[in-house]
Amino acid sequence: MYLTFSEFQALCPDSTVTAEQFPALEGRAEADIDTLTFNRITAQGFDALTGFQKDRVRRSVALHLSFVADNQELLDSPLSAYSISGVSMSFDRSKIVTVGGVTTSAQVYSCLMQTGLCYRGLSG
């Protein structure tokens, strides 16, 4: 577990996620963060990360968890956009990033990029 409920509350004090909802949402957020980092956190272990990386990963998990909680119905829908009676709805693509099948906010991905764990090139 990368993030506790109390850490989540400190990072996202305005969130409406309850302690009962948190474990499932944290598990999904953690799995998505692992995908975005190409499972580098899992491979080396969370405890092996630097303090800075741990802080950024926790913040990324918290922000992504909040994003998922707020947009779960849209994220789980097979539709990319829809229109009802002339009113249409879609994600603002300037604020959304999709990598490896994971859709998150640009804020989450930017925070996670600071760790160096999202690097797509070859590592020595």
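Visitor: Where does F38 lie?

Guide: In this predicted model, F38 lies in the loop that joins helix 2 to helix 3. The backbone of F38, just after helix 2, takes a positive phi of about 55°.

Visitor: What makes the phi of F38 worth a remark?

Guide: Most residues other than glycine have a negative phi. F38 is not a glycine, although its phi is positive, about 55°. N39, in the loop between helix 2 and helix 3 as well, is another residue other than glycine with a positive phi, near 60°.

Visitor: Why is F38 called partly exposed?

Guide: The class of partly exposed residues runs between 20% and 50% relative accessible area. F38 has 39% relative accessibility, and therefore counts as partly exposed. N39, at 42% relative accessibility, is partly exposed by this criterion too.

Visitor: Why is D47 called exposed?

Guide: D47 has a relative accessible area of 69%, and exposed means over 50%, so D47 is exposed. D47 is placed in the loop between helix 3 (40-44) and helix 4 (51-75). The C-alpha atoms of D47 and Y2 are separated by 9.6 Å, with these positions 45 residues apart along the chain counted as their separation.

Visitor: Why does F22 count as buried?

Guide: Buried means under 20% relative accessible area; F22 has 3% relative accessibility and therefore counts as buried. Other buried residues of helix 2 include L25, A29, I33 and L36, and charged residue types are present in the list as E26, E30, D32 and D34. For the protein chain as a whole, buried residues make up 37% of the 124 residues.

Visitor: What makes the pair of F5 and F22 edge-to-face?

Guide: A pair of aromatic rings is described by the distance of the centres and the angle of the planes. The centres of F5 and F22 are 5.3 Å apart, with 65° between the planes. Rings pair if their centres lie within 6.5 Å, and planes over 60 degrees apart count as edge-to-face, so F5 and F22 satisfy both conditions. The pair links distant parts of the chain, with F5 in helix 1 (residues 5-11) and F22 in helix 2 (residues 22-36), 17 residues apart. The structure holds 4 aromatic pairs, and ring pairs link F5, F8 and F22 into a cluster.

Visitor: Which residues does F8 contact, leaving aside its neighbours within four places in sequence?

Guide: F8 is in contact with L3, S15, V17, F22, A62, L65 and S66. F8 is also one of the residues that touch the most other members of the largest nonpolar core, which has 27 residues; I33, L36, I41, V57, V61 and L65 are listed with it. Helix 2, helix 4, strand 3 and helix 5 (106-113) are the elements that give two or more residues to this core. Helix 4 supplies the largest share, 6 residues. In soluble globular proteins, nonpolar side chains tend to be buried together.

Visitor: How do you know that the span of helix 2 is close to the expected one?

Guide: Helix 2 has 15 residues and reaches 20 Å from its first C-alpha to its last. The expectation at 1.5 Å a residue is 21 Å, and the computed span is close to that value.

Visitor: How do you know that strand 3 and strand 4 pair?

Guide: Two strands pair if at least two bridges are found between them; strand 3 (residues 96-99) and strand 4 (residues 102-105) have 4 bridges, so they pair, in the antiparallel sense. I96 stands opposite S105 in strand 4, and the bridge partner of V97 is T104. The two strands form a hairpin with 2 residues between them, and G100 in the turn has a positive phi of about 60°.

Visitor: What pattern does the protein chain follow along the sequence?

Guide: The pattern is α-α-α-α-β-β-β-β-α, from 5 helices and 4 strands. Among contacts with a separation of 6 or more, 65% are accounted for by residues 24 or more positions apart. The protein chain exposes about 7300 Å², of which carbon and sulfur atoms supply 52%.

Notes. Residues are numbered from 1 along each chain as its sequence is written. This is a predicted model: local features need pLDDT of at least 70, side-chain atom pairs count only at pLDDT 80 or more; totals for chains, interfaces and linings use all residues. Side-chain values use heavy atoms; hydrogens and water are left out. Buried means under 20% relative accessible area, exposed over 50%, partly exposed in between (1.4 Å probe, protein chains only). Contact means heavy atoms within 4.5 Å. Accessible areas come from the Shrake-Rupley method with a 1.4 Å probe; for residues, only the protein chains shown count as cover. Rings of Phe, Tyr and Trp (its six-membered ring) pair if their centres lie within 6.5 Å; planes under 30 degrees apart count as stacked, over 60 as edge-to-face and the rest as tilted. The expected span of a helix is 1.5 Å times one less than its number of residues. A nonpolar core is a set of buried Ala, Val, Leu, Ile, Met, Phe, Trp, Tyr and Cys residues joined through side-chain atoms within 4.5 Å.
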